[in-house]
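Hi everyone, thanks for making time. I'd like to walk you through one structure today, starting at the ligand and then stepping back to the whole protein. Let me put it up on the screen.

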Amino acid sequence: MDIEEWEQRHREAFYNAKEALPYLDGMFVAYNSNIDAIKHLTEEDLLKLIRLFDEAEIQDRVAVYPREIAEPLDFVARLLISMREGKAAEVPTYTEDTHKWLKEHLGFDYARMGGQAGIISNLLARLDLKKVVTYIPWLSEEQADYFAAENGNILHPRVEDGKVVLKPPSEAFKPGRGSKVNWIFEFSKDLKVTCAGSTFKVPRDNRLIISSRPKWIRLDMDREIYDQLDSIFPVDGAMLSGYQMIKEEYEDGSTYKDYVEHSVEVINKLKSLNPDFRIHVELTSIQNRLIRKTILTDIVARHVHSLGLDTVEVANALNVLGYEELSYSVIRKGENGIMSLYQGAVQLMKDLKLERVHVHSLGFYICILAKGHPLTLKEHRDALLFSSVLAAARALNGKIESLDDAEVGLDIPVSASGMEDLENFKLYCTGRKLCSPDEFEYGYIYGPDHDAILIPSKVVDRPKATVGIGDTISAGAFAAMLARMKQIKAGK
Ligand SMILES: Nc1ncnc2c1ncn2[C@@H]1O[C@H](COP(=O)(O)OP(=O)(O)O)[C@@H](O)[C@H]1O
Ligand SMILES: O=P(O)(O)OC[C@H]1O[C@](O)(CO)[C@@H](O)[C@@H]1O
Ligand SMILES: [Mg+2]
């Protein structure tokens, strides 16, 4: 594979996407947004933090592998695990005490829009989409301020005298509603960590998300808004996320089954209102295995078209779907396990009856397509290359203000190690007759029951922050794909 060829393809794809995006009438985005309190950890911070605890106790808690933050020791343990493995993780906390303790002992550098739906809404709005209809069940006044308002193209449903109208978030929030604040601990490659006599270096830039889960959170849609869902149209597709909020049981006796049922009702109603409608679900790391499995088998499977996830989430999904061996080989080899990652993504597409599975990894993206998916492999590849430029821009500056602003991503080089990973995969693909050597150079794979796109992606050496880049990649690619479908429909 020739790096200059891929740089040229990125440029061409970026301008093709720029041409196509205005053909979109709009996108519906729901459910989760929050305020991200972001803290870049230094070695000094870590020394101070570890000194607050007995190091043997930290070690014991690491071995427990806490799946929620019930007390500060859980936090320190999950932080060390995440740093040592270089794996992105999100851990829930159900107590306000966590926020108080972190504020008192660490503090944060800056607050930003957070949550897949929040980040995706702002990205699509700044790509100048005609309309982004966002639905956040817990929209607070403070949270409303984190939505991009400069283009006036983000609208949120509101019930006025029994009628659903679309308003800017700043006019649609629920008065008196509290805000959901997550903590994001960003840590850079090579940061040195010493605890209980052992020292290690952080293997790659990454972050740990502490996801607050206040009692009032419900992953659900207001009844009136559901009943008048046609009022958000015309929109061409939806990007849904936040199902990780769903709990097994609630104080009022309801259970996760009720919220899964409502979530599927919303999806079915959206599809009934536009036969060409396409729905993408963006995943995140979900600690509760029952909820993770249920989201995949009862909400995603057979109901949505497209799934976006990172490598750890592929492994976690395979694990709860019964592919322990494959899951382990994805995790064990990390970014190098491209064969297992590919096989895992194909398995997800088959088991969950999806049209599209878009996996983002550091240095390359894989997109598995069901046979018969509209668009050529080149058009799908363009969508992925476009998102790679966006990812670079977001990694470089920590945000994307506009399409013109995103062009800075074109100057970031395609990842040499990503190219190497793909080279290692070439033998597997050509050996199994998945593609000819030439087709592989284009990044096209024609499987027996699926097609696929592989691209090397642009990687920023010292990113400003990594949180939200995956959401940016998935949103950019899905929007560009839909836009191309609309452009073709318009005869262009
Ligand atoms: N320095 C970087 N430059 C470019 N892309 C990056 C960089 N760091 C991470 N990424 C991309 O961001 C993705 C992170 O995805 P994910 O873990 O889903 O993030 P989030 O869910 O917070 O948006 C990685 O898979 C990789 O493709
Ligand atoms: O699961 P939650 O609490 O909605 O949080 C999702 C987290 O994932 C992100 O959206 C990144 O994907 C963060 O901005 C956010 O803190
Ligand atoms: Mg993600």
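Okay, so let's go straight to ligand 1. There are 17 residues around it, and the ones that come nearest are Arg 207, Asp 310, His 360, Gly 470 and Asp 471. Before I go on, please keep in mind that this is a predicted model.

What sort of residues make up that shell? Nine are nonpolar, four are polar and four are charged.

Now, the backbone joins in as well. If you zoom in on Val 460, a backbone N or O atom there sits 3.0 Å from a nitrogen atom of ligand 1. Over at Gly 468, a polar backbone atom is 2.9 Å from an oxygen atom of the ligand. And at Ile 469 you'll find a polar backbone atom 3.3 Å from an oxygen atom of ligand 1.

How much of the ligand does the protein bury? On its own, ligand 1 would expose 580 Å², and the protein buries 95% of that.

Which elements give two or more residues to the shell? Those are β15, residues 356-361, and α18, residues 469-489. The largest share comes from α18, with four residues.

Let's zoom out. In the whole protein we have 18 helices and 18 strands. Roughly how big is the thing? Along its principal axes, the C-alpha trace spans about 65 × 60 × 40 Å. For 492 residues, you'd expect a compact globule to have a radius of gyration near 23 Å, and the protein comes out at 22 Å, so the two agree.

On the inside, 61% of the 492 residues are buried. The chain also makes plenty of contacts across sequence distance: take the contacts between residues at least 6 apart, and 77% of them join residues at least 24 apart. As for the outside, the accessible surface is about 19,000 Å², and carbon and sulfur atoms account for 50% of that.

One last stop, Ala 149. Where does it sit? You'll find Ala 149 in the loop between α7, residues 141-144, and β6, residues 154-160. Is it buried or exposed? Ala 149 has a relative accessible area of 61%, and the cut-off for exposed is over 50%, so this residue counts as exposed. If you also click on Gly 337, 188 residues away along the chain, the C-alpha atoms of the pair are 41 Å apart.

That's my tour, and I'm happy to go back to any of those views.

Terms used: Residues numbered from 1 in each chain as written. Chains lettered and ligands numbered in written order. Predicted model: local features only at pLDDT ≥ 70, side-chain atom pairs only at ≥ 80, totals over all residues. Heavy atoms only, no water. Near = heavy atom within 4 Å. Polar contact = N/O pair within 3.5 Å; in protein donor to acceptor, adjacent residues only side chain to side chain. Areas by Shrake-Rupley, 256 points an atom, 1.4 Å probe, with all protein chains shown as cover. Nonpolar A, V, L, I, M, F, W, Y, C, P; charged D, E, K, R; others polar. Rg over C-alpha atoms; globule rule 2.2 N^0.38 Å. Buried < 20%, exposed > 50% of the residue type's maximum accessible area, 1.4 Å probe, protein only. Contact = heavy atoms within 4.5 Å.
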